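This report describes the architecture of one protein model and the surroundings of its ligand. Please keep the structure in view while reading.

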Amino acid sequence: MPKEPYAEFAYFYDKTIPDKWYLGYYRVIKGLFNNLNPKPRRILELASGTGRMLKLLSKGGYDAEGLDLSKSMLSAARKKGLRVHYGNMLRFKLKKEYDAILCLNYSLNEIKSARDLSKVFQNVKEHLAPDGAFIFDIETTESAGIGNKKVEVSTSESGGLIITFSNVAKGSARKITFDVSDKYSNGKRYHVEIVTRAYPKKEIMQICRKNGLKMRSIKSKYDNLFICINPRSSTAL
Ligand SMILES: C[S@@+](CC[C@H](N)C(=O)[O-])C[C@H]1O[C@@H](n2cnc3c(N)ncnc32)[C@H](O)[C@@H]1O
């Protein structure tokens, strides 16, 4: 297995989620931006992957940059002409402030301990302008239905790839695997495994508060979407 799961995933990642899905999510994010004061212009997306959301943000006129740990995912994003940085969301230093920082598609669940999750929030706080917003989705233990052992397997075909997806949840851990065979490359096969962890909502709220951010409640059709504001003064917390 490759050292990092996304080394091979980058090759077929864009075929696993349709453009329509990202467009719908982009509209939700844009709606949240429009309700912020001031409206964000400088955006950083953590764990930006192949740049699907970043591309929509750039097209929408935002000054958008990404950051990711996988060189292959970054390379796919650069091929789309996007501005992306190599870095770990646990310890990035970009010497710049952003009006909004995003982390989407359950990328935060790839952080395996509450201590490390807190480091991400600390870094986010250091890179957010006053009144800036951290918008993220994260699977919670409540939404994951912890306690039930769940196994899902499905096979689909997209752009010449036959993709078998499996999702095994046990406790707060989840293992997602993709077994892919490429019809057009002599049946070349890929195997990708991603392990994630869900956190109790209460713990996420505590981590947010501990790092000087203020959680706002939002209603959205996208599950587990949160927004935290970097208040101008700590008395606002
Ligand atoms: C499920 S993908 C989501 C990509 C993108 N957000 C999207 O919506 O398409 C998760 C991404 O998180 C990145 N990632 C995982 N851990 C990371 C870390 N500690 N720092 C930066 N990126 C990370 C992976 O390389 C991968 O590109």
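In which loop does Pro38 lie? The model is a predicted one, and in it Pro38 belongs to the loop between α2 and β1.

## Backbone exceptions

The peptide bond between Asn37 and Pro38 is cis, with omega at about 0°. Most residues other than glycine have a negative phi, and most peptide bonds are trans. Against that background, the bond between Asn37 and Pro38 is a cis exception.

Ala47 is a further residue of interest, since it is not a glycine and yet has a positive phi of about 55°. Ala47 is placed in the loop between β1 and α3. A positive phi, near 60°, also occurs at Gly171, in the hairpin of β7 and β8.

## The ligand shell

The ligand is surrounded by 17 residues. Ala47, Gly49, Leu69, Ser70 and Asn105 are the closest of them. Ala47 thus combines a place among the closest residues to the ligand with the positive phi of about 55°.

Sorted by class, the shell holds eight nonpolar residues, six polar residues and three charged residues.

## The seven-stranded sheet

Seven strands make up an open sheet with mixed pairing, and their order is β3-β2-β1-β4-β5-β11-β10. The edges are occupied by β3 (84-86) and β10 (214-216); each has a single partner strand, so one side of each has no neighbour in the sheet. From one strand to the next, the twist averages 25°.

Within this order, β5 (residues 128-137) and β11 (residues 225-229) are paired in the antiparallel sense, with five bridges. One point of reference in this pairing is Ala133, whose bridge partner in β11 is Ile229. In a regular strand the side chains alternate between the two faces of the sheet.

## The β7-β8 hairpin

Strands β7 (residues 161-170) and β8 (residues 173-182) run antiparallel and are joined by ten bridges. Asn167 has Ile176 of β8 as its bridge partner. Two residues lie between the strands of this hairpin.

## Helix α5 on the sheet and against α7

Helix α5 lies across β1 (42-46), β4 (98-103) and β5, and its direction is at about 145° to β5. Helix α5 (residues 114-127) also packs with helix α7 (residues 201-210), the axes being 9 Å apart and the angle about 45°. The two helices are therefore oblique to each other, and α5 passes α7 in a right-handed crossing.

On the α5 side the contact involves Ala114, Leu117, Ser118 and Phe121, while α7 contributes Glu203, Ile207, Cys208 and Lys210. This contact of α5 with α7 comprises five nonpolar, one polar and two charged residues.

## Helices α2 and α3

Helix α2 (residues 19-34) and helix α3 (residues 52-59) cross at roughly 55°, and their axes come within 10 Å. The pair is therefore oblique, and its crossing is right-handed.

Which residues of α2 meet Arg52, Met53 and Leu56 in α3? They are Tyr22, Leu23, Tyr25 and Tyr26. The contact of α2 with α3 has six nonpolar residues, no polar residue and one charged residue.

Note on methods: Residues are numbered from 1 along each chain as its sequence is written. This is a predicted model: local features need pLDDT of at least 70, side-chain atom pairs count only at pLDDT 80 or more; totals for chains, interfaces and linings use all residues. A residue is near a molecule or strand if its C-beta atom, placed from the backbone, lies within 6 Å of it. Ala, Val, Leu, Ile, Met, Phe, Trp, Tyr, Cys and Pro count as nonpolar, Asp, Glu, Lys and Arg as charged, and the others, Gly among them, as polar. Axes are lines fitted to C-alpha atoms, for helices over the stretch in contact, and angles run from 0 to 180 degrees between N-to-C directions. Helices (H or I, at least four residues) and strands (E, at least two) are DSSP runs, numbered from the N terminus. Angles under 35 degrees count as roughly parallel, over 145 as roughly antiparallel, 65 to 115 as roughly perpendicular and the rest as oblique. A crossing is left-handed if the near helix is turned anticlockwise from the far one by less than a right angle, and right-handed if clockwise. Two residues are in contact if their C-beta atoms, placed from the backbone, lie within 7 Å. Two strands pair if DSSP finds at least two bridges between them.
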